[in-house]
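Work through the three exercises below with the model open. Try each task before you read its solution.

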Amino acid sequence: MSWNPFNRHSAKKKSVVSRTTEREFGREVKRVESLDETSKKLYKDTKRWLESNSALLNSEHKITQDLLTSPLCQTEAQLNAMITDWDRAIEKQNLHSRELNNVVQKTMAEPVKRLNTIFPSIQAALKKREQSLQEYQKSQAKVEKHQNRERTGQNVVKLDLSRKAVERTKADFDSQNQALSEDLPKFVDGRIEYIQPCLESLIKSQVSYNSEALKIYSELADQWQTTTDLGELKSRQQQTLSDIKALAITVD
């Protein structure tokens, strides 16, 4: 909500509404603006999180696919078996990742997006209140203008018409001002009740997802420990690295 109705009055312009009333109303408008900004940022961050979560497993899957098609994996049966087990674990985890994304989309992203659709209506209502306030002030200014004129028949008629206009514009402004003054605080105060179930669902989904990830990769680690002597593997890696460093092309 980039538009703020409380930036439009000059300091010298007399208002038909007390400064206290406008100050309190302005405070509520700022709370709504802050909620609008936070809600939009939350939606963008949630969408970015969903994209990152999908990209993470896609990147991991690409690693295993590249390794499986490499000449090394095609000639080393033990390494091929390890990468194949890893790739299968990723496929299992992908199922839980898609389920997590679906839950987050439905219980977090979509509710926040629906919340964001309300702010344009609030902004329109604020603009309408501002317009009615200006009409009220114009009508009041005309009354004061005609009151200071000579009481001729024509001026008396104009004064009477101006007073009726004040009654009409004041009633219109009071109606809109009262509705907004009551609804804006309720709207802002309802944000916690609205968003808390979304956050609870997100946290529970994360717990479930990470629990499954722990289970899947723990099983993978157990498989590798039974098929591979990690001490021997580390020793072979160190020996291979030493052999590589001993090559003439690697000498500084």
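**Exercise 1.** Determine how helix α1 and helix α3 pack in this predicted model.

*Solution.*
- Start with the two elements: α1 spans residues 19-68, and α3 spans residues 77-116.
- Next, take the geometry. The axes lie 9 Å apart, at an angle of about 170°.
- Angles over 145 degrees count as roughly antiparallel. The α1 and α3 pair is therefore roughly antiparallel.
- Now the handedness: α1 and α3 make a left-handed crossing.
- Finally, sort the residues where α1 meets α3 by class. The contact has 17 nonpolar, 15 polar and 5 charged residues.

**Exercise 2.** Place Ser139, decide whether Ser139 is buried or exposed, and list its contacts beyond four places in sequence.

*Solution.*
- Locate the residue: Ser139 belongs to helix α4, residues 119-147.
- Check the relative accessible area, which is 9% for Ser139. Buried means under 20%, so Ser139 is buried.
- List the contacts. Leaving out residues up to four places away in sequence, Ser139 touches Ser162, Ala165, Val166 and Thr169.

**Exercise 3.** Classify Lys245 as buried or exposed, then find how far its C-alpha atom is from that of Glu33.

*Solution.*
- Locate the residue: Lys245 sits in helix α7, residues 230-246.
- Read the relative accessibility of Lys245: 57%. Exposed means over 50%, so Lys245 counts as exposed.
- Turn to the pair. Lys245 and Glu33 are 212 residues apart along the chain.
- In space, 62 Å separates the C-alpha atoms of Lys245 and Glu33.

Conventions: Residues numbered from 1 in each chain as written. Predicted model: local features only at pLDDT ≥ 70, side-chain atom pairs only at ≥ 80, totals over all residues. Heavy atoms only, no water. Buried < 20%, exposed > 50% of the residue type's maximum accessible area, 1.4 Å probe, protein only. Contact = heavy atoms within 4.5 Å. Axes fitted to C-alpha atoms, helices over the stretch in contact; angles between N-to-C directions. Parallel < 35°, antiparallel > 145°, perpendicular 65-115°, else oblique. Left-handed = near helix turned anticlockwise from the far one by under 90°. Nonpolar A, V, L, I, M, F, W, Y, C, P; charged D, E, K, R; others polar.
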